[in-house]
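Student: I would like to learn how to read this kind of model, feature by feature. Where do we begin?

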Amino acid sequence: MACEDTLAQGAGFELPEIFAHLLEAEKLLTMVVPVQGQCFVEVCAGEGVAALGVMFARIPCIKPWDAVYGESFSLLGPDGRILMECARQGKLSSGHAGAPCQTMTPARWPPLRSMQFLDGLPGLPPEKAELVQVANDLVWWTVQWCMTLWAAGAFFSWENPWLSMLWWFATAIELYMLEGVIATVFRQQEYHVPWEKMTLYLHNYPTYNELNSGRVLGPPTVVLRGLCWYKGSWIFKTKLSQTYPVDLGVKKGELAHRALEQRCNALEKGYPVPMAL
């Protein structure tokens, strides 16, 4: 996932080459294509591990979106309406949002938010206030997008750390209260990384509860606290853990494939789309 700092600064990097051949959202919206209504998209994608896992599972996928790829991939820019309209018109079968968590973590010091001031502490310096506002705007956009997917009978998932203050936002709670939406909590350690990192997925997939295998795990070998030396400089360990484990992406692709098969069967028979229980 990308961080609010990068989004606010407008710095970026190119879309990973492996995604270059994928269909663009605008073409999905304006053209009739063979995979109409079957496509997945990852937003706030960062390195695009979720999209990669879906591609491994042979699910049609459009180019992932993240502001770090350029202004045309910004959810909060003028083009963000394209993805919202794709969801509203039923052009998508599923989507994933990996919301930035830097301003949302209760571990950040000095803090930018509190439970009393979820929208941001009063009196923040201008550059910090901008980071907070970008994150707030992304929360609003993501909730609207997930609700639109849900209303269209498509699947969504929204990820953040378990203790993130994001989950206390009234709009996130409103999304959670929808029928067929649940929260699944699991340790990323289950997916062969040395840290624990308790992660929460808010979703309506009928299969994503299996992201938590229930396995008993040993203690993690890496604690996500402090700095480490990486590629010639000191970097926060939490920064290194932002990218999803590859095995998690693969597992998500497998579970998404099963969920979409259930959806397809239900739609063919005129039944309601099965969602999470």
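Tutor: With a definition. Ala, Val, Leu, Ile, Met, Phe, Trp, Tyr, Cys and Pro count as nonpolar, Asp, Glu, Lys and Arg as charged, and the others, Gly among them, as polar. Keep in mind that this is a predicted model.

Student: How do the residues lining the largest pocket divide by that scheme?

Tutor: The lining has 15 nonpolar, seven polar and seven charged residues. There are 29 lining residues, and Thr105, Ala107, Arg108, Leu224 and Thr238 lie nearest the centre of the pocket. Helix α7, residues 237-240, supplies the largest share of the lining, with three residues.

Student: How is empty space found, and what is the volume of the largest pocket?

Tutor: Rolling a probe the size of a water molecule over the atoms shows where empty space is left. Here the largest pocket holds about 1,100 Å³.

Student: How many cavities of 30 Å³ or more are there?

Tutor: One cavity reaches that cut-off. The largest cavity has a volume of about 40 Å³. Its lining has 10 residues, with Ala99, Pro100, Ala135, Leu138 and Val139 nearest the centre. Eight of the lining residues are nonpolar, one is polar and one is charged. Helix α5 gives the largest share of that lining, four residues.

Student: Now the core. Which residues have the most contacts inside the largest nonpolar core?

Tutor: General idea first. In soluble globular proteins, nonpolar side chains tend to be buried together. In this model the largest nonpolar core has 74 residues, and Leu83, Leu92, Trp145, Trp158 and Leu175 have the most contacts inside it. Helix α5, residues 126-151, gives the most to this core, with 10 residues.

Student: Take Leu175. Which residues does Leu175 contact, leaving aside neighbours within four places in sequence?

Tutor: Leu175 touches Val143, Cys146, Met147, Phe156, Trp158, Val181 and Leu202.

Student: How should I read a single helix? Which residues of α4 are buried?

Tutor: An α-helix has 3.6 residues a turn, so residues three or four places apart point the same way. In α4, residues 80-88, the buried residues are Gly80, Ile82, Leu83, Met84, Cys86 and Ala87. They pack against α2, β1 (39-43), β2 (92-98) and α5. Just after α4, Gly90 takes a positive phi of about 75°.

Student: Which residues other than glycine should I check for a positive phi?

Tutor: Most residues other than glycine have a negative phi, and most peptide bonds are trans. Look at Arg58, with phi near 60°. Arg58 sits in the loop between α3 (49-56) and α4. It is exposed, because its relative accessible area is 76% and the cut-off is over 50%. His192 also has a positive phi, about 65°. His192 belongs to the loop between β4 (182-187) and β5 (198-203). At 65% relative accessibility, His192 is exposed too.

Student: And the peptide bonds? What is the form of the bond from Trp109 to Pro110?

Tutor: That bond is cis, with omega near -5°. Pro110 lies in the loop between β2 and α5.

Student: Let us turn to aromatic rings. How many aromatic pairs are there?

Tutor: The count is 10 aromatic pairs. Take Trp158 and Trp167. Their ring centres are 5.5 Å apart and their planes are at 75°, so the pair is edge-to-face. The angle cut-off for that label is over 60 degrees. Tyr205 and Tyr208 are stacked, with 3.9 Å between centres and 10° between planes.

Student: Buried or exposed: how do these four rate?

Tutor: Trp158 is buried, because its relative accessibility is 0%. Trp167 is buried at 13%. Tyr205 is buried at 0%, and Tyr208 is buried at 1%. Tyr205 and Tyr208 also belong to one aromatic cluster with Phe155, Phe186, Tyr191 and Tyr201.

Student: Last, sequence against space. How far from Trp65 is Glu24 in each?

Tutor: Glu24 and Trp65 are 41 residues apart in sequence, and their C-alpha atoms are 9.8 Å apart in space. Glu24 is in the loop between α1 (4-9) and α2 (25-30). Its relative accessible area is 37%, so Glu24 counts as partly exposed.

Note on methods:
Residues numbered from 1 in each chain as written. Predicted model: local features only at pLDDT ≥ 70, side-chain atom pairs only at ≥ 80, totals over all residues. Heavy atoms only, no water. Phe/Tyr/Trp six-rings, centres within 6.5 Å; stacked < 30°, edge-to-face > 60°. Buried < 20%, exposed > 50% of the residue type's maximum accessible area, 1.4 Å probe, protein only. Helix = DSSP H or I, 4+ residues; strand = E, 2+ residues; numbered from the N terminus. Core = buried A, V, L, I, M, F, W, Y, C linked by side-chain atoms within 4.5 Å. Contact = heavy atoms within 4.5 Å. 1 Å grid on protein atoms, 1.4 Å probe; cavity = no way out; pocket = protein on both sides within 12 Å on 5 of 7 lines; lining within 4 Å. Points joined across faces, edges and corners; volume = space filled by probe spheres on them.
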